[in-house]
Amino acid sequence: MSNRVILIVDDSPTLRSSLSFCLENAGYRVLMAENGREGLEVLGSLEGQGKSLGLIITDINMPVMDGIRFIQEVKKTSFRFIPILVLSTETERSLKDQAKAAGAAGWLHKPFRPEQLLWVVKKFVRA
């Protein structure tokens, strides 16, 4: 698995589907999880197989484990240096600050524009 693999963590099936469509059409391989706990399970599975990722995209508001906690937990794993991009409807400065403090590398607002998303992803993911 190469750096062109992206993990999407979001509780919205519609958003996961549209992100996946956009990213796969641009040549990325996509893995998905519905919440932070599932995201950590995916990372554990990748780690067990000795595989890597290029980027994680996560929402903030999710059941089971929210995005801030998920980011904090990722930073305790061997994937701690993988950039994490937050994609959320939230606009509150305090949440952005919490995400940044937890280790998020960037923040995009939903709904996303495909060209904007791909521009940001290319900044983080080496070809």
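Start your tour by selecting P63, which counts as partly exposed at 46% relative accessibility. That label belongs to a three-way scale: buried is under 20% relative accessible area, exposed is over 50%, and partly exposed lies in between (1.4 Å probe, protein chains only).

Before moving on, a word about what is on your screen. This is a predicted model, in which local features need pLDDT of at least 70 and side-chain atom pairs count only at pLDDT 80 or more, while totals for chains, interfaces and linings use all residues. Residues are numbered from 1 along each chain as its sequence is written, and side-chain values use heavy atoms, with hydrogens and water left out.

**Stop 1: around P63**

P63 belongs to the loop between strand 3 and helix 3. Helices (H or I, at least four residues) and strands (E, at least two) are DSSP runs, numbered from the N terminus. Which residues does P63 touch, not counting those up to four places away in sequence? Show D11 and N35 to see them; contact here means heavy atoms within 4.5 Å. Now add K51: it is twelve residues from P63 along the chain, and their C-alpha atoms are separated by 27 Å.

Next door, select V64, also in the loop between strand 3 and helix 3. V64 is exposed, with a relative accessible area of 54%. Its phi is near 70°, a positive value in a residue other than glycine.

**Stop 2: N35**

Now go to N35, in the loop between strand 2 and helix 2. Is N35 buried or exposed? With a relative accessible area of 8%, N35 is buried. Leaving aside neighbours within four places in sequence, N35 is in contact with V9, M62, P63, V64 and M65. For a sense of scale, add F79: N35 and F79 are 44 residues apart in sequence, and their C-alpha atoms are 17 Å apart in space.

**Stop 3: the sheet**

Switch to a cartoon view and find the five strands, which form an open sheet with parallel pairing in the order 2-1-3-4-5. Two strands pair if DSSP finds at least two bridges between them. At the edges are strand 2 (29-33) and strand 5 (106-109), each pairing on one side only. On average, neighbouring strands of this sheet are turned by 20° against each other, direction ignored. Helix 2 (residues 36-48) packs on the sheet, where it touches strand 1 (5-9), strand 2 and strand 3, and its direction makes about 130° with that of strand 2. Such axes are lines fitted to C-alpha atoms, for helices over the stretch in contact, and angles run from 0 to 180 degrees between N-to-C directions.

Zoom in on strand 3 (residues 55-58) and strand 4 (residues 84-88), which pair in the parallel sense over three bridges. Here T58 stands opposite V86. Five of the five residues of strand 4 are buried, so strand 4 is largely enclosed by the rest of the structure. I84, V86 and S88 lie on one side, and L85 and L87 on the other.

**Stop 4: the cores and helix 3**

A nonpolar core is a set of buried Ala, Val, Leu, Ile, Met, Phe, Trp, Tyr and Cys residues joined through side-chain atoms within 4.5 Å. The largest one has 25 residues; select L7, L43, L53, I56, F70 and A99 to show those with the most contacts inside it. Helix 3 supplies the largest share of this core, four residues. A second, separate core of 19 residues includes I8, L15, I57 and L118.

Why is helix 3 described as largely enclosed by the rest of the structure? Six of its eight residues are buried: G67, I68, F70, I71, E73 and V74. Strand 1, helix 2, strand 3, strand 4 and helix 4 are among the elements covering them.

**Stop 5: two last details**

Select R4 and Y28: the charged end of R4 sits over the ring of Y28, 4.1 Å from its centre. This requires NZ of Lys or CZ of Arg within 6 Å of the ring centre and within 35 degrees of the ring normal.

Finally, visit K110 and P111, joined by a cis peptide bond with omega about -5°. P111 lies in the loop between strand 5 and helix 5 (114-124).
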